[in-house]
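Hi,

Here's the structure I said I'd pass along. Have a look, and my notes are underneath.

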Amino acid sequence: MLRTHTCGELKKEDVGTSVTLCGWVQSRRDHGGLIFIDLRDRYGVTQVVFNPEKHKSSFDIADTARSEYVVRVEGTVLGRPDEMVNPHLPTGAIEVEGRAITVLNESQTPPFEIESEQEAEMAVNEERRYAYRYLDMRRPRVKRNIVVRHEAIRFLRNFLSERGFVEVETPLLTKSTPEGARDYIVPARLHPGQFYALPQSPQQYKQLLMVGGIDRYFQIVKCLRDEDSRGDRQAEFTQLDIEMSFVERDDILDLVEELMVSLVENLRERGLIHKRLMSNPLPRLAYDDVMLRYGIDKPDLRFGLEIFDITDMVAGCGFSVFANAVKDGGVVRALNATGACDMLTRSHIDELTELAKKHRAKGLAYIKIKADGQLDSPIVKFLGDELSARIVEALGGKEGDIIFFGADHHLIVEEALAHVRLDCGRRLNLINPEILAFAFVIDFPLFEAEMVDGHCAPMHHMFTMPRKEDLPLLDADPTAVKSWQYDFVANGYEVAGGSIRIHVPDIQAKIFELIGFSQEQQKDFAHMLEAFRYGAPPHGGIAPGIDRLLMLLLDEPNIREVMAFPKTGDGRDLVIGAPSAVEPKQLKELGIKIT
């Protein structure tokens, strides 16, 4: 080895030890004839001092070193005087007296300041950072994220292995099937005109593993979907894929709860994260209740501001917006923003109104509760004092609160008030960033409420098992069917989705029919139906997204910050310049012509 120690391990008890360190020059300072170099590697920073009176040749070389030079230093560990100890560094009680230094490689001036980790600078220069990601990851924050990612994945792998799960690698070159998102397709050179698809998930393979008797499977797997990127989604991502046989829903939820709670506690105890759980055991919330109280199936539970249904209270009232919504089969719902009068100005309310309109609402009615219980709102004169007072009482309104209303089809009201609620939570400083509010959402409908092209649309995916008691409704009223789908959510994000799967071929064929698959499309899944005819066991699984989970654990603003080499919003890898054109010869071999 070129080094005897790392730059993060030397302590007071190492004083007098002869050491050799390697790393990058973080900074070089000339103080009164002495040169100080802060030497950095993955493990930390050690201060090295060069004295021309003791080691002139080494001093001269150190004088030429510049930021990000790669150097090797030999020297002796010294204790710092008490007044010079740096309590913010693990190595702050010592320094190394350098007697020899070798420049292993020089460096150009970096395109950005490596030492700076200010949020504004990192956001402004994001594309430049990703183009030079190998420099960006020299920063402690990025390096920490990569290391914590490794530790988290190692914990997940060990946890499942110790419980009898078998890690199985499924193919990357697979078959394109109509499962929702766009596939990345790969031309098959040996089969002109035919294509492989990169997997959106290992869903079909892991179900076939269950048929094969591999009753406890997991995989840390890359998934690829040709979708637009956003803060919490990339086209290429990593998930923890889990599948189990001979289980019911709660068996899987119990496993995931133990896994996630243990992971958080392990990382927290080791000082790798600082988040703490809001509750343990984790709540299990019914879908219908969640949609009523929060307007969204991935609620942020770190704060209240729950939504209440007041449809029955305002049916036939004097305010036509409410009355007509109820008459047309819609709903009227409200949330009480406690203490908002002192924090939300008129312009803030206008911004919330525009937010509601952005999410399909026609507007955003409100009532302010002023001093002495006076109600300030244009709608009070239409509702009347008595009904207005009953609404305020029903929502627990008090002086200083603002009550916001939504009136329309329930899907529109849910969407609009969900965003208003979240925005109010932020504006009113109700969200504790140190909290992880994990929860399960259960009892999902099998299909979306709205049809797509005259057919049912799966709420989760087409392999989700309906509730046994609801099977007759597949013919009578499919949208009323409940399923064995479940989601794992945290802080307003879906972290994992899963379900008990269909293992009976006739039920699977019926679902294909309901979602409008033609006979030709159903042939794409003939292998699944065929496998189910050979004794498929009851089975189910779940797939937490590792990138999104780590984003939450590390309190990062997006998943790019927890990936070693992320892609930009338009899907480019700026480090290597992908995607790129290929040679005409390659296209000719594949029988592909660019038009």
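Below is what I found on one of the sheets and on the salt bridges. Bear in mind that this is a predicted model.

The sheet first. It is open and has five strands in the order β13-β14-β17-β15-β16, paired antiparallel. β13 (307-309) and β16 (375-376) sit at the edges with a single partner strand each, so one side of each has no neighbour in the sheet. Between β15 (residues 365-369) and β16 there are two bridges, and Ile369 has Leu375 in β16 as its bridge partner. Helix α14 (residues 410-427) packs on the sheet, where it touches β13, β14 and β17 (402-408), and its direction makes about 5 degrees with that of β14. Helix α8 (residues 287-294) lies across β13 and β14 (331-337), at about 105 degrees to β13.

Now the charged pairs: the whole structure has 55 salt bridges. One of them joins Asp41 and Arg3 at 3.5 Å, N to O. Asp41 is in strand β2 (residues 34-41) and Arg3 in the segment before β1 (18-31), so this pair ties together parts 38 residues apart in sequence. Asp41 is buried at 3% relative accessible area, while Arg3 is partly exposed at 28%.

Another one is Lys510 with Asp475, at 2.6 Å, N to O. That pair links helix α16 (residues 505-514) to helix α15 (residues 473-476), 35 residues apart. Here Lys510 is buried, at 19%, and Asp475 is exposed, at 60%.

There's also a salt-bridge network, with Arg249, Asp250, Asp254 and Glu257 among its members.

Cheers

How values were computed: Residues are numbered from 1 along each chain as its sequence is written. This is a predicted model: local features need pLDDT of at least 70, side-chain atom pairs count only at pLDDT 80 or more; totals for chains, interfaces and linings use all residues. Side-chain values use heavy atoms; hydrogens and water are left out. Two strands pair if DSSP finds at least two bridges between them. Helices (H or I, at least four residues) and strands (E, at least two) are DSSP runs, numbered from the N terminus. Contact means heavy atoms within 4.5 Å. Axes are lines fitted to C-alpha atoms, for helices over the stretch in contact, and angles run from 0 to 180 degrees between N-to-C directions. A salt bridge is a side-chain nitrogen of Lys or Arg within 4 Å of a carboxyl oxygen of Asp or Glu. Buried means under 20% relative accessible area, exposed over 50%, partly exposed in between (1.4 Å probe, protein chains only).
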